[in-house]
Amino acid sequence: MSVQRPAWVTVDLEAISSNVARLKDCAPGAQVMAVVKGDAYGHGLVPSARAALKGGATWLGMAQMAEALALRAAGISAPLLTWLHVPGTDFDPAIREGIDLGIPAVWELDEVARAARQIGITARVHLKADTGMGRNGAYGADWDELVTAAVRAEAEGSIRVVGLFTHLACADVPDHPSLPAQEQVFTECVRRAEAAGLKPEVRHMANSAATLTRPSAAWDLVRPGLSIYGLSPAPEVGDAEHFGLRPAMRVEADLTVVKRVPAGQGVSYGHTYVTNQESTLVDVPMGYADGIFRHASGTGPVQIGGQRFTVAGRVCMDQFVVDVGDLEVAAGDRVVLFGSGEGGEPTAQDWADAAGTISYEIVTRMSGRLPRTYLGEECVS
Ligand SMILES: *Cc1c(COP(=O)(O)O)cnc(C)c1O
């Protein structure tokens, strides 16, 4: 067997399907829109989307239109919502492909309506309210202006308002006062839109944390992202297992060089780690070019030979070193960076803790140069 890549990612698609099924159970009255932005949080857009649909998701959501078009090109016909556009965007392909557009501002509604008129196809839109996130969405009086523009565009047939939505700022802190406040503002936004004559099919606000902990936020559709990949969106509340989720991503490599060194040997750039006794150092062929956080220098956990060790010294571009003491190892032995944790290996959450970030960033940043292998792949659309 010839090896071309020294390190790789394995994604368990059945875990994604079963996580979606679990999230569906949390919101029995709602549909599930699986969020697959950021290349499905690093798991691979098309296979992950198919696995989510297989698990019972009926919608897919993403920030960027290019990802929605890629899903259509792959033959996926489920409803898709894309919500991050800039002025001058070419909306024609999305309208032709029946891709729903999240609209936070009148300028965008006008551009979409103009494109729809020109090609003679009604565009499907979801109006987005900023109910307190302070990010994307129509805020305050801008909401009424957006609703008024939408009512007018719907009357002329250029758009159809399929949905109304908003996004929560603090759903990972279940008793945060902003949660009932945002729900109240959204309820009022929905009331005003419906009173103006809009008849949305789906009203939605819940991300992973809200889907798992806040039934009142479910409305007609929930939009979980991180949790469909089996990671906890609220590690302070509970880990993946607590929420009934199975991590889908596993990251491994084969050791390149193994060597015995005396006490007092400095390791990697800057010699920030020095062996305190005679010891075995192993070289792991992954670094920040693969998405391994340099902030995990000296702290990142790995599993070798069934035992846990920590990154010794600095993470480099393509490699890092681990001091395995007197463990019997050889070049070519396997190192697990993270996985489901079921075999005692670290998890993406452990890497997040080691690097001072969130598990979202750990999995999403695993770079494209790591080949993805899929377990349980099958063709559905
Ligand atoms: C990212 C995102 C989600 C999913 O959030 P998770 O915390 O990953 O579940 C849902 N809706 C919007 C608008 C998003 O940007």
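Hi everyone, let's start at the ligand: 14 residues surround it, and the closest are Lys37, Tyr41, Ser208, Gly225 and Tyr360. Before I go on, please keep in mind that this is a predicted model.

So who makes up that shell? Sorted by class, the residues around the ligand are 6 nonpolar, 4 polar and 4 charged. For those of you who like to think about docking, the space that the ligand takes is the largest pocket.

Now to the polar side of things. Which atoms of the ligand pair up with tyrosine 41, arginine 223 and tyrosine 360? Tyrosine 41 has a polar side-chain atom 2.6 Å from an oxygen atom of the ligand. Tyrosine 360 also brings a side-chain N or O atom to 2.6 Å from an oxygen atom of the ligand. With arginine 223, the partner on the ligand is a nitrogen atom, and the distance to an N or O atom of the arginine side chain is 2.9 Å. How much of the ligand's accessible area does the protein cover? On its own the ligand has 380 Å² of accessible area, and the protein covers 95% of that.

Let me stay with one stretch of the chain for a moment, helix H2. This helix spans residues 37-41, and two of the ligand's closest residues, Lys37 and Tyr41, have already come up. What I'd like you to look at here is the backbone. Most residues other than glycine have a negative phi. Aspartate 39, which is found in helix H2, has a positive phi near 55°. Alanine 40 lies in helix H2 too, and its phi is positive as well, at about 55°, although alanine 40 is not a glycine.

Are these two residues buried or exposed? Aspartate 39 has a relative accessible area of 35%, so it counts as partly exposed. Alanine 40 is at 0% relative accessibility and therefore counts as buried. If you have the structure open, have a look at both of them.

Next, a quick tour of some pairs along the chain. Leucine 23 sits in helix H1, residues 13-26, and it is buried because its relative accessibility is 0%. Which residue 200 positions away in sequence does leucine 23 pair with here? That is arginine 223, with the two C-alpha atoms 9.8 Å apart in space. Arginine 223 is the residue we met a minute ago, with its side chain 2.9 Å from a ligand nitrogen.

Tryptophan 143 is placed in helix H7, which runs over residues 141-155. At 1% relative accessibility, tryptophan 143 is buried. Its C-alpha atom is 8.3 Å from that of alanine 105, and 38 residues separate the two along the chain.

Then there is glutamate 194 in helix H8, residues 178-195. This one is partly exposed, with 34% relative accessibility. Between the C-alpha atoms of glutamate 194 and leucine 164 there are 9.9 Å, for a sequence separation of 30 residues.

My last stop is aspartate 172, in the loop between strand S8 (159-165) and H8. Its relative accessible area is 35%, so aspartate 172 is partly exposed. How far is the C-alpha atom of aspartate 172 from that of glutamate 156? The distance is 41 Å, with these positions 16 residues apart along the chain.

To wrap up, the picture I'd take home is a ligand in the largest pocket, with 95% of its accessible area covered by the protein. And in helix H2, do look at aspartate 39 with its positive phi and at alanine 40 with its own. Thanks for listening!

How values were computed:
Residues are numbered from 1 along each chain as its sequence is written. This is a predicted model: local features need pLDDT of at least 70, side-chain atom pairs count only at pLDDT 80 or more; totals for chains, interfaces and linings use all residues. Side-chain values use heavy atoms; hydrogens and water are left out. A residue is near a molecule or strand if one of its heavy atoms lies within 4 Å of it. A polar contact is a pair of N or O atoms within 3.5 Å; within protein, one must be able to donate a hydrogen and the other to accept it, and residues adjacent in sequence count only if both atoms are side-chain atoms. Accessible areas come from the Shrake-Rupley method with a 1.4 Å probe; for residues, only the protein chains shown count as cover. On a 1 Å grid over the protein atoms alone, a cavity is a set of points where a 1.4 Å probe fits but cannot get out, and a pocket is an open set with protein on both sides within 12 Å along at least five of seven lines; lining residues have an atom within 4 Å of a point. A molecule sits in a cavity or pocket if more than half of its atoms lie within 2 Å of its grid points. Ala, Val, Leu, Ile, Met, Phe, Trp, Tyr, Cys and Pro count as nonpolar, Asp, Glu, Lys and Arg as charged, and the others, Gly among them, as polar. Helices (H or I, at least four residues) and strands (E, at least two) are DSSP runs, numbered from the N terminus. Buried means under 20% relative accessible area, exposed over 50%, partly exposed in between (1.4 Å probe, protein chains only).
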